Amino acid sequence: MRVGSGIDVHAFGPGDSLVLGGVRIPHSRGLIAHSDGDVLLHALVDALLGAAGLGDIGLHFPDGDPRWRNADSRQFVTTTMEMLARRSWRVVNVDLTLLAQQPRLAPWREQIRHSVATLLAVTVADVNVKATTTEHLGFLGRNEGLAAMATVLIDRA
Ligand code: MG
């Protein structure tokens, strides 16, 4: 068994929705990103790659690459899962944390768990999604963007 961790940050920008964990959420702002800016899935990809010893998201999905422009980040997870499967790794469980003053995650939590569970070929019980504010401190507290952290455990398939 091996463990991996990931972290990601994106700044808010113009827009009317966010994508979190593969789920589109209406919001007063969007995220500035080369892809869809899904911080939860970007942190997850880094955790998966970290657990498998395969580097990071920037190595496999460089944000200068036109292929990933406005990309659906579920594609990054699917491609990463294929890399892990080729090396006989499967996911045991994942723990995701969104750090944000806004939006509130609670109304979307179950939908995100289902979305992530499907991507990772695990049960919903193996996907935990939680959120915290930063008590109005720092760039997150000032509502300038979102951050996410992911921890994942993998094992031999
Ligand atoms: Mg990112």
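In this predicted model, the magnesium ion is held by protein donors from Asp8 (OD, listed twice), His10 (NE2) and His42 (ND1), which lie 2.2 to 2.7 Å from the ion. Donors are here N, O and S atoms within 2.8 Å of the metal (3.2 Å for Na, K and Ca), and since water is not among the atoms, sites may look incomplete. Along the chain, the donors of the magnesium ion follow the spacing D-x1-H-x31-H. Because Asp8 belongs to strand 1 (residues 2-13) and His42 to helix 1 (residues 39-52), this pair ties together parts that are 34 residues apart in sequence; helices (H or I, at least four residues) and strands (E, at least two) are DSSP runs, numbered from the N terminus. Asp8 and His42 are both buried, a word that stands for under 20% relative accessible area, whereas exposed stands for over 50% and partly exposed for what lies in between (1.4 Å probe, protein chains only).

Residues are numbered from 1 along each chain as its sequence is written, and side-chain values use heavy atoms, with hydrogens and water left out. As the model is predicted, local features need pLDDT of at least 70 and side-chain atom pairs count only at pLDDT 80 or more, while totals for chains, interfaces and linings use all residues.

The donor His10 is placed in strand 1 and is buried, with a relative accessible area of 15%. Its side chain is joined to that of Asp8 by a polar contact of 3.2 Å, and the side chain of His10 also reaches the backbone oxygen of Ile32 at 3.1 Å. A polar contact is a pair of N or O atoms within 3.5 Å; within protein, one must be able to donate a hydrogen and the other to accept it, and residues adjacent in sequence count only if both atoms are side-chain atoms. When neighbours within four places in sequence are left aside, His10 is in contact (heavy atoms within 4.5 Å) with Leu31, Ile32, Ala33, Gly37, Val39, His42, Gly145 and Leu146.

A further residue, Ala150, is situated in strand 7 (residues 145-156) and counts as buried at 2% relative accessibility. With neighbours within four places in sequence again left aside, the residues in contact with Ala150 are Gly4, Ser5, Gly6, Ala43, Leu44, Ala47, Asp95 and Leu96. Ala150 and Ser17, which are 133 residues apart in sequence, are 22 Å apart in space, C-alpha to C-alpha.

Several features of the backbone were also found in loops. The peptide bond from Gln102 to Pro103 is cis, with omega near -5°, and Pro103 is in the loop between strand 5 (89-99) and helix 4 (109-120). Ser88, a residue other than glycine, has a positive phi near 65°; this residue is located in the loop between helix 3 (74-86) and strand 5, and at 37% relative accessibility Ser88 counts as partly exposed. For Asn143, phi is likewise positive, with a value near 65° in a residue other than glycine. Asn143 is part of the loop between helix 5 (138-141) and strand 7, and with 24% relative accessibility Asn143 counts as partly exposed.
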